[in-house]
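Here are my notes on this one, in the order I'd go through them with the viewer open. Shout if anything reads oddly.

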Amino acid sequence: MALDDVLLETEEKMSKSVEVVKEEFASIRTGKASPDLVSHLRVDCYGTSMVMRELAAITTPEPRMLVIQPWDASNVDPVRKAIEESNVGITPMVDGKLIRLPIPELSEERRHDLVRTVKKIGEDGRVAIRASRRHAMDEVKKMQKAGELTEDDLTMAEKEIQKLTDEYVGQIDTSLDHKDKELMKV
């Protein structure tokens, strides 16, 4: 494997780690309605498990209300059941062919719990990025031992890998700070 391939693969893995963290942050309730709260939930219908966004339109008609309208009215009950079984913490109200999700205010204690959860998700993302760095460092050291890289190339590659690591960890930290402020805002 060439040095460029190692760097590209490392950057791709780090980028995916950041995306996973951002998706997990989006699914955490902040006291205002966001379709991301439920769009990823799995619903058992048609004899299989499907993602909510494939089954229904999810809208936010008000800042504290989500409305889910399944495209097939027979899926109202499975969608309701999936929301109740998830850890979203919102009780769905069935209104004919619609499901309404009123988003309650978060208590101070719940906000602090969510901040702890968000920090754990952020740390998991940073760990994944550091694992990608370690893997890349091992690869370039193997390449140097095999004679494919000079000592100067190895040093340059290690600096580049560390630069990527710092960049992607910084992205996670920025997202974490933003989510933290969003959660603590009353």
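1. Surface first. Accessible areas here come from the Shrake-Rupley method with a 1.4 Å probe. On that footing, the chain has an accessible surface of about 10,700 Å², and carbon and sulfur atoms make up 50% of that surface. Keep in mind that this is a predicted model. Of the chain's 186 residues, 40% count as buried.

2. Overall dimensions. The C-alpha trace spans about 70 × 40 × 25 Å along its principal axes. The radius of gyration is 22 Å, whereas a compact globule of 186 residues would come in near 16 Å. As for contacts with a sequence separation of 6 or more, 63% of them join residues 24 or more positions apart.

3. Fold layout. I get 5 helices and 6 strands, and going along the sequence they read α-β-β-α-β-β-α-β-β-α-α.

4. The largest nonpolar core. This one holds 22 residues, and Val-38, Met-52, Leu-66, Ile-68 and Ile-83 have the most contacts inside it. Two or more residues each come from β1 (42-45), α2 (52-55), β3 (56-62), β4 (65-70), α3 (76-85) and β6 (98-102). The top contributor is α3, with 4 residues. As background, nonpolar side chains in soluble globular proteins tend to be buried together.

5. Which residues of α3 are buried? They are Val-76, Val-79, Ala-82 and Ile-83. Looking down the axis of α3, the buried residues fall within an arc of 130°, so they line one face of the helix. The cover over them includes β1, α2, β4, β5 (93-95) and β6.

6. Ile-83 up close. Setting aside residues up to four places away in sequence, Ile-83 touches Leu-41, Met-52, Ile-68, Ile-90, Pro-92, Ile-99 and Leu-101. Apart from the core that Ile-83 helps to build, there is another core of 17 residues, with Met-14, Val-115, Leu-164 and Ile-172 among them.

7. Val-115, from that other core. Val-115 sits in helix α4 (residues 108-145). Is Val-115 buried or exposed? Its relative accessible area is 10%, and the cut-off for buried is under 20%, so Val-115 counts as buried. Beyond its neighbours within four places in sequence, Val-115 is in contact with Asp-180, Leu-183 and Met-184. Lys-181 is worth a look too: Val-115 and Lys-181 are 66 residues apart in sequence, with 9.2 Å between their C-alpha atoms.

Terms used:
Residues numbered from 1 in each chain as written. Predicted model: local features only at pLDDT ≥ 70, side-chain atom pairs only at ≥ 80, totals over all residues. Heavy atoms only, no water. Core = buried A, V, L, I, M, F, W, Y, C linked by side-chain atoms within 4.5 Å. Buried < 20%, exposed > 50% of the residue type's maximum accessible area, 1.4 Å probe, protein only. Contact = heavy atoms within 4.5 Å. Arc of directions from axis to C-beta. Rg over C-alpha atoms; globule rule 2.2 N^0.38 Å.
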